[in-house]
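Reader: Before I set anything up on this model, I would like a close look at a single part of it, the sheet together with whatever packs around it. Please take it slowly and keep the parts connected.

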Amino acid sequence: MHAHQTSNLSADLPLAGADFCGDCETPLTAYWSKGRNNHHPYYLRPKRGCESCGKSIRRNVIEEEFEQLLHTMQPFATLFKAARELFKDLWDHRLASSATVPSVIAAYETRIKALEDRKIVLAVKIIRTGRPVRSFDDTVRTTIEFLASPWQL
Ligand SMILES: [Zn+2]
């Protein structure tokens with residue numbers, strides 16, 4: 001077995017650097033092992049002196065384990081609802097309390113003016129490129145969907 005790096009290693013072996021040894025927390029590395037007829041992808045826990053390390057794991061074995069882990073990572077709907085309400089309360093509270101201070105109002109007015117200018121610049125850019133830009137809502141929705149079910153994405 002000979003470890004070597006290729007430029008598209010991260011695309012073929014996406015868990016390299018993203019998964020860790022449970023015992024010593026060393027990041028996984030990846031390599032292609034040259035067999036008789038083919039190259040086979042492996043992950044490796046590289047640290048010497050750690051009992052769990054130094055063993056190679058076939059790519060499909062560890063990626064199936066990772067996929068199963070993602071399947072189990074689904075927060076309860078009630079937890080999401082509570083987090084969302086908490087966030088909204090905080091947001092409303094911030095708006096209500098900050099708006100009573102004149103200097104804060106002035107600061108916000110300046111900021112709003114700057115944002116309006118920026119909005120015009122961006123609107124012109126959108127027209128020029130002819131491409132729709134993802135809205136804030138879409139972006140937030142994608143994030144929440146990812147948190148709700150990482151495996152699906
Ligand atoms: Zn280890």
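Author: A residue is called buried here if 20 or more other C-beta atoms lie within 10 Å of its own, and exposed if 12 or fewer do. By that cut-off, helix α2 is hardly covered, since the count of buried residues among its 14 residues is zero. In the protein as a whole, 5% of the 153 residues count as buried, and the sheet is a good place to look for such residues.

This is a predicted model, with a mean pLDDT of 74 and with 70% of the residues reaching 70 or more. Over residues 1-7 the pLDDT is below 50, and in the model this stretch has four contacts beyond near neighbours in sequence. Where pLDDT is low, the predicted coordinates should not be read in detail.

The secondary structure comes to five helices and three strands, and from the N terminus on the elements run α-β-β-β-α-α-α-α. The strands form an open sheet in the order β1-β2-β3, with antiparallel pairing. Its edge strands are β1, residues 29-34, and β3, residues 56-58, each of which pairs on one side only. Neighbouring strands of this sheet are turned against each other by 40° on average, with direction ignored.

Turning to the pairing of β1 with β2, these two strands form a hairpin with four residues between them. Strand β2 covers residues 39-44, and six bridges join β1 to it in an antiparallel arrangement. Two of the partnerships can be named: Y31 has Y42 as its bridge partner in β2, while the partner of S33 in that strand is H40.

The hairpin also brings us to the largest nonpolar core, whose seven residues are L13, L28, A30, Y31, W32, Y42 and Y43. Strands β1 and β2 each supply at least two residues of this core, and the largest share, three residues, comes from β1. The bridge partners Y31 and Y42 are thus both listed in the core. Another core member, Y43, touches L13, L15, A16, L28, A30, I57, R59 and I62, not counting residues up to four places away in sequence. Among these contacts of Y43, L13, L28 and A30 belong to the core as well, whereas I57 falls within the residue range of the edge strand β3, and R59 and I62 fall within the range of α2.

Helix α2, residues 59-72, lies across β2 and β3 and runs at about 75° to β3. Its 14 residues reach 20 Å from the first C-alpha to the last, close to the 20 Å expected at 1.5 Å a residue. To return to the opening point, this helix lies across two strands of the sheet, and yet the count of buried residues in α2 is zero.

One backbone detail ahead of the sheet deserves a careful look. In the loop between α1, residues 9-12, and β1 one finds E25, which has a positive phi of about 65° although it is not a glycine. E25 counts as exposed because it has 9 C-beta neighbours inside 10 Å.

Methods: Residues numbered from 1 in each chain as written. Predicted model: local features only at pLDDT ≥ 70, side-chain atom pairs only at ≥ 80, totals over all residues. Pairing = 2+ DSSP bridges. Axes fitted to C-alpha atoms, helices over the stretch in contact; angles between N-to-C directions. Contact = placed C-beta atoms within 7 Å. Core = buried A, V, L, I, M, F, W, Y, C linked by C-beta atoms within 7 Å. Expected span 1.5 Å × (residues − 1). pLDDT = per-residue confidence, 0-100.
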